[in-house]
Amino acid sequence: MALDGALIVQSDKTLLLEVDHERSADARRAIAPFAELERAPEHIHTYRVTPLGLWNARAAGHDAEQVVNALITHSRYPVPQALLVDIAETMDRYGRLVLEKDGEQLILRTTDRAVLTEVMRHKKITPLLGEMLSPDEVVVHPSERGTLKQELLKVGWPAEDRAGYVDGEAHPIDLLEDGWSLRPYQQQAVDGFWDGGSGVVVLPCGAGKTLVGAAAMAAAKATTLILVTNTVSARQWKQELLQRTTLTEEEIGEYSGARKEIRPVTIATYQVLTLKRKGIYPHLDLLDARDWGLVVYDEVHLLPAPIFRMTADLQARRRLGLTATLVREDGREADVFSLIGPKRFDAPWKDIEAQGYIAPADCVEVRVTLTDAERMAYATAEAEDRYRLASCSPVKLGVVRTIVDQHRGEPTLVIGQYLDQLHELAEQLDADLITGETPVKQRQELFADFREGRSNLLVVSKVANFSVDLPEASVAVQVSGTFGSRQEEAQRLGRVLRPKEDGRTAHFYTVVTRDTVDAEFASHRQRFLAEQGYAYRILDADDL
Amino acid sequence: MRSLAEDIRHRTDEELVALLELRPDLARPQPADLTALAARASTRASTARAVDHLDLPHLAALQACAITGTTDAMAIAPLLGMDEGSTAALLQDLTTAALLWRSSEGTLLSRTVSDVLGPHPAGLGPTAETVGHSLPRDLPGALERLTAQERQILERIARHGPSAAVPADPEGRAGQAVTGLIDAGLVVAPDAQHVLLPREVGLLVRGGRILDPAPGTDAASARALDPDDADSAATASATEVVALVDELLDRVDDLRPRVLRSGGLAVRDLRNLAGRVDLDEASATFLLELALGAGLLGDDHALEPTWRLTTTVDEWRALPPASRWVGLSGPWLRSLRASVVPAPEDGGRVNALSEGLVWPPVRALRRELLEILADLPPGSSPDGAEMMERLRHGRPRRMPHGADEAVAALLREGEQLGVTGRGALGSFGRLLLSDEVAAGHLLETLVPEPVDRLLLQADLTAVVPGTPVPELAALLRRSATLESRGGASVHRFTETSLRSALDSGWTADELLETLARFSPSPVPQPLDYLVRDVARRHGQLRVGSAGSYLRSDDSTHLEALLTHRDLSHLQLRQLAPTVLVSPVGPTVLLESLREVGAVPALEGSGGVVASKPAAPRITPRRERPVTEVAPEPSTEVLARLREGEARADKQRNTPHDGAPTIPALDPASSSALLREAAADRLPVWLGVTDAVGSTRRFVFHPTTVDGGRIIGEVDGQPQVFSLHRITGVVIEG
């Protein structure tokens, strides 16, 4: 115990790391394997020790002694004994049950008969298990590998999956590193993933997640299925893969609403997979269409529930999840852990920014005041209409114009939720509008114009949230959002975080209406930003 | 020497002092002389008390005396498994405590002690000879031939008293085993329902001794920690418990839980409080009890009573953490309240903070547990079972019902409180037993210095990297909500928390200035904005009270009334051009306005003009009838008084009948002397009060003392007296 340690252990199992402390980097390295970074504002970063995190650490080969040592070494104050005991006990639960391959059979083996007996009596687990081979071994149906892991985690006895992976159909893939190379953190992410077998890599938007995916494919050198959120994103993946790897046009297939190509590398959308006709998923065969060696999930935090169920059947394949945030609005983080895999890499946004890989950003919340008539209308509105009413206030138009004028010449995005408002904005600002209704072809043309500087103002709807690669947007103005969604905020901020060629600071504006639910939701979203270390300022519209 | 009284009269001063120290109850209240002291020492109550306070070796020695019928160390030593010297020392201690007494024939066991030890001392039965039973010749061999089940039952009977009930089902496994034991001649069946274990067999099963070796005599028994580790764990718990109580008090202040009619805290409120501080119910109960013990929490005794913080809280909060800890742990050490008590017989549950948690044995248990730990080398950390064993060794006859749970709870409490750290007594915990203030000073050197540094962050949180100084703690308590506690504390500023700061009289500027003073970096812009934004809206709506209002569409008229000199006593205040308010009631306002010539109309609660209310009628006073009592004629009263006086005189003048002076004794002492006399068949001089209050003295031959009655003979005639009529006893001769 060092009385001047950088770490303070709290009784609610959070760890506070004083960033400015001289040994904070050591402490961060020591606790990173088992603690989740929860908040990273300017002075004190908060990590949380959760059972999932501890099991993650066990999965990565750390034992309780290392964890306890890390805490005792770096803690400024004596660590509560109960916490240490709890950590040891929690970590001890991992690995009592092991999933192993025995010839062709999948076997759940235990070192503690009582645990096996306990889980076998569980009514959701019993049907997943077959014959008992010995008091310590029970056969598992191979197709239930994922479901079993999911259920075991729920009852608090996570199984260590040592059953390994099938290699899949080999296919030569290499990175084409001409004039560029993987950034150190990308390399670390790929290594972390590859050593762990399966898992999730958390990187901020703009930090090059696609490249991590490409590098993972190059490591696997096998046929790959890539699951993405939508068609636009699929095209971008394809483009990036063509550019950065030895793959050629013929080797990459797109499996979407429009095209149904199955090639050594196939990019499919979540939408087409989860399409349901007459109670069945007609495109599910894709998962078995080839002997995939790697499955990549883009934007894991958006993974729809049916995909989870399908993923349960893919446990023998290597799985890589990519995301900017593990926060799921539906709270299914545990399913990500048990079905895709533990978190293999995570880095605070600010750290990557400090290394110059993502642009520094200036976040500003601009508060507008409703007119008296609007306030009256707001006060008497039904609860469900209030958010719409507040966020679509006409006073925002003027403020947006002011902001756009201030940044004349810089590539600017105006992002919103409500189409009426966006149409009006586009008209007033004399800018092009992209919504879900815009045909893909036109969308791509507009993006190309924007990218090549022929236009520098676009009004976009929710489509901009995901995987739309808009290079060099340096100003984003958010006029309305999906209530308090934190991951939407993360995505939108990501739009402006790609590093600028001239090292310019990115600007991220949110226009909110004072004293309404709009401001409440905004504060919820901003908390996420602040926790990621992006200090934001609040300005009154008049002070702009 | 013929009696304990004589033994005591012949003891030296040192011996008597030792006796009084061993048995303090003998001196309370102070007896008149040594005879009375001896009499009191031989009462059953005092003897039982003395025996109950013996530790296991002394008790076993006493039992061995009772079993063997001798006080010879050499005869007793094998039963105790000790050498002769230690046995003799034990016997000497027992003599000092007047449980054994020196007669001219040697040391004897007093009769009352035999009574107190019961018919089966040390759980050993009568000898086989006494019950007319013949044992198998080869006793050890017979034992060896038993089946496992029989052996188990035999050991059980040997351990838990010499007799046992025969199982209801003779064909069952236990039934067969018992039959087997009877057939083997190892147990006797005095009747169909019971079996009795003869002394010889009992002793053999127990290895020939009635005293198990003392726990922990082998050095490896107690786990040992580095005392520094124990200290650091204890310090962490101590800091934590102080912070937790502090936080819990805040939650109580928010919630203001009601006091149940039975005096406790409702289960629902307890759950609520526990949930708010993220603790289980047992821990929350303990913390609440700590707060109650420290006088930080109390019942406000209002019409609808609620639990409130006391005035002590502010003083307590202003103290340094170590003193705050002493404020909690000192009362805990002395408290008669337990956070876990044996379950009530009706199966109900005992509410936190209720009188049901008063459980007097807990104080001695708590103290003895800590003393046991204190006697071990520093850093020893025995587990719960070993502590229980050691406790039983120290007080074999005083293990209250439910002691197991209580001891487990006490050990847990000690750990939570930081008196122990990882099961070992911490250095300041050890000191707490003797000197609370010194314990506080020692703890002060161990706890980290309170910090006056506040790290303000843009996500509207503030982190104090340590225990905050009281001023900072007070600031944060008022302006932020606690989000996480431990080594540091994390606070979050919200609109609500800031509003309550403004409610308590801060202005936005003051608040920001104070925050800036504690923060090494400037106040983050979002926090600054939030504070000002809340301040901007604070007080936009205002609530107040008034006794009556005055409204009129004619604002000029109201203006005139407002400035009217004769209406100044109404303290009219203008809320709006057309509305005035006054603290006086509407009737007074109405009258006063009429007096100055205005013509107001009274509005009812619905806003319509109401007629002047008739004065409410009251119920007439009801007269209470007086009971008349005719006084007795004074002459009669006087006559009775004179009669009584004469009778007393006569009694005083009764000629002396050769009786010795009989000292006044309390019933317990009289009864003890009478028992002794009855047993020795000695006559006594008895003082007896008769029905009218006069005292008779005569020689009495007691035979039995039983159930508050003394049976014996006076001049050859059987006589029975009630013990409460006896004024004193002197053994003749």
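Mentor: Let's begin with a definition: a residue counts as buried if 20 or more other C-beta atoms lie within 10 Å of its own. Keep in mind that we are looking at a predicted model.

Trainee: Thanks! Then what makes T311(A) buried?

Mentor: T311(A) has 24 other C-beta atoms within 10 Å. The cut-off is 20 or more, so T311(A) is called buried.

Trainee: Where does T311(A) lie, and which residues is it in contact with, leaving aside neighbours within four places in sequence?

Mentor: T311(A) lies in helix α12 of chain A, residues 305–311. With those neighbours left aside, its contacts are G146(A), L339(A) and I340(A). Contact here requires C-beta atoms within 7 Å. As for V295(A), 16 residues apart from T311(A) along the chain, the two C-alpha atoms are separated by 9.5 Å.

Trainee: L339(A) and I340(A) belong to the buried residues of α13(A). Why is helix α13 of chain A called largely enclosed by the rest of the structure?

Mentor: Count its buried residues: six of the eight in the helix, residues 333–340, are buried, so α13(A) is largely enclosed. They are D335(A), V336(A), F337(A), S338(A), L339(A) and I340(A). Their cover includes α2, α6, β10, β14, α12 and β15 of chain A. After α13(A) comes G341(A), with a positive phi near 145°.

Trainee: Over to chain B. How do you know that the buried residues of α25(B) line one face of the helix?

Mentor: Look down the axis of α25(B): its buried residues fall within an arc of 65°, so they line one face. Those residues are L511(B), L515(B) and F518(B). A general point helps here: an α-helix has 3.6 residues a turn, so residues three or four places apart point the same way. On the other side of α25(B), D509(B), E510(B), E513(B) and R517(B) are exposed. The buried residues pack against β11, α23, α24 and α26 of chain B.

Trainee: Now the helix pairs. What makes α10(B) roughly perpendicular to α11(B)?

Mentor: Helix α10 (residues 148–159) and helix α11 (residues 173–183) of chain B pack at about 80°, with axes 9 Å apart. Angles of 65 to 115 degrees count as roughly perpendicular, so α10(B) earns that name against α11(B). On the α10(B) side, the contact is made by Q149(B), E150(B), I153(B) and L154(B). By class, the contact has six nonpolar, two polar and two charged residues.

Trainee: And why is α17(B) called oblique to α22(B)?

Mentor: The axes of α17(B) and α22(B) come within 8 Å and cross at roughly 140°. Roughly antiparallel needs an angle over 145, and roughly perpendicular ends at 115, so α17(B) is oblique to α22(B). The crossing is right-handed. Among the residues making the contact are W325(B) and V326(B) of α17(B), with A439(B) and L443(B) of α22(B). By class, it has five nonpolar, three polar and two charged residues.

Trainee: Finally, how many residues does the contact between the chains take from each?

Mentor: It takes 23 residues from chain B and 27 from chain A. Both α13 and α26 of chain B supply at least two residues each to the side that touches chain A. With five residues, α13(B) gives the most to that side. By class, the chain B side has 11 nonpolar, seven polar and five charged residues.

Terms used
Residues numbered from 1 in each chain as written. Chains lettered and ligands numbered in written order. Predicted model: local features only at pLDDT ≥ 70, side-chain atom pairs only at ≥ 80, totals over all residues. Axes fitted to C-alpha atoms, helices over the stretch in contact; angles between N-to-C directions. Parallel < 35°, antiparallel > 145°, perpendicular 65-115°, else oblique. Left-handed = near helix turned anticlockwise from the far one by under 90°. Contact = placed C-beta atoms within 7 Å. Nonpolar A, V, L, I, M, F, W, Y, C, P; charged D, E, K, R; others polar. Buried ≥ 20, exposed ≤ 12 C-beta atoms within 10 Å, placed from the backbone. Arc of directions from axis to C-beta.
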